[in-house]
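Here is a short briefing on one protein chain. Read it beside the sequence and the coordinates.

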Amino acid sequence: QVQLVESGGGLVQTGGSLRLSCAASGSILSINDMGWYRQAPGKQRELVARITRGGTTNYADSVKGRFTISRDNAKNTVYLQMNSLKPEDTAVYYCNADALSTRTPWKAYWGQGTQVTVSS
């Protein structure tokens, strides 16, 4: 199995920055795409950003130019640098990874989520 553990959430003022990290661990053979999603109260979970193993990225229009996704394949870790934060970025942020383990075929895994709150 594969476990994803997020860190870096918190409370920040409008215009501030936060950096989220998500480390994958377990009996990992390979990880393809990794990404960040978020879910605000009363709303559906939505894509924030994704990155392929080779480094190709895509972003939600609402975060383009403000957020940057990156990854360290050697550490099985994905990051989300969030700048110029707005109150509408407030949500629980979830890490996602498509991984192959010694016990399970390719599967999408999710972290437990980390709260990001942007005060106005």
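**The aromatic pair**

W110 is partly exposed, with a relative accessible area of 38%. The model is a predicted one. W110 belongs to an aromatic pair, and the structure holds 1 such pair. The points below cover that pair, then the salt bridges, the core and the strands.

- The partner of W110 is Y37, with ring centres 5.0 Å apart.
- The ring planes of Y37 and W110 stand at 65°; edge-to-face applies over 60 degrees, so this pair is edge-to-face.
- The pair links distant parts of the chain, with Y37 in strand 4 and W110 in strand 10, 73 residues apart.
- Y37 has a relative accessible area of 18%. Buried means under 20%, so Y37 counts as buried.
- W110 at 38% falls between the 20% and 50% limits, so W110 counts as partly exposed.

**Charges over rings**

- The charged end of R19 sits over the ring of Y79, 4.1 Å from the ring centre.
- R45 lies over the face of Y94, at 3.7 Å from the ring centre.

**Salt bridges**

- The count of salt bridges is 6.
- One of them joins the side chains of R38 and D89, at 3.0 Å from N to O. R38 lies in strand 4 (residues 28–39), and D89 in the loop between strand 8 (77–82) and strand 9 (91–101), so the pair ties together parts 51 residues apart in sequence.
- Both R38 and D89 are buried. For D89 the relative accessibility is 0%.
- R66 also forms a salt bridge with D89, the closest N and O atoms being 2.8 Å apart. R66 sits in the loop between strand 6 (57–59) and strand 7 (67–72), while D89 is in the loop between strand 8 and strand 9, so this bridge ties together parts 23 residues apart in sequence.
- R66 is buried, with a relative accessible area of 10%.
- A network of salt bridges links R38, E46, R66 and D89.
- R50 forms a salt bridge with D98, with 3.2 Å between the closest N and O atoms. R50 is in strand 5 (residues 46–51) and D98 in strand 9, so the pair ties together parts 48 residues apart in sequence.
- Burial differs within this pair: R50 is buried at 12%, whereas D98 is partly exposed at 23%.

**Nonpolar core**

- Which residues of the largest nonpolar core touch the most other members? Of its 31 residues, they are W36, L80, M82 and Y93.
- Strands that each supply at least two residues of this core include strand 1 (2–7), strand 3 (18–26), strand 4, strand 5 and strand 7. Strand 8, strand 9 and strand 11 (114–119) do so as well.
- Strand 9 gives the most to this core, with 5 residues.
- Y93 has many partners beyond its neighbours within four places in sequence. Among them are W36, L80 and M82. Others include Y37 and R38, along with E6, L20, V48 and F67. G113, T114 and V116 are also in contact with Y93.

**Strand 9 and strand 10**

- Strand 9 and strand 10 (residues 107–110) run antiparallel and are joined by 4 bridges.
- A hairpin joins strand 9 to strand 10 through 5 residues.
- A99 stands opposite K107 in strand 10.

**Two further positions**

- S21 lies in strand 3. Its relative accessible area is 18%, and S21 is buried.
- Leaving out residues up to four places away in sequence, S21 touches V5, E6, S7, W36, V78 and Y79.
- G9 is placed in the loop between strand 1 and strand 2 (10–13). G9 is partly exposed, with a relative accessible area of 33%.
- Apart from neighbours within four places in sequence, G9 is in contact with L20, T114, Q115 and V116.
- How far apart are G9 and S101 in space, C-alpha to C-alpha? G9 and S101 are 28 Å apart in space, and 92 residues apart in sequence.

Methods: Residues numbered from 1 in each chain as written. Predicted model: local features only at pLDDT ≥ 70, side-chain atom pairs only at ≥ 80, totals over all residues. Heavy atoms only, no water. Salt bridge = Lys/Arg side-chain N within 4 Å of Asp/Glu carboxyl O. Buried < 20%, exposed > 50% of the residue type's maximum accessible area, 1.4 Å probe, protein only. Core = buried A, V, L, I, M, F, W, Y, C linked by side-chain atoms within 4.5 Å. Contact = heavy atoms within 4.5 Å. Pairing = 2+ DSSP bridges. Phe/Tyr/Trp six-rings, centres within 6.5 Å; stacked < 30°, edge-to-face > 60°. Lys NZ or Arg CZ within 6 Å of the ring centre and 35° of its normal.
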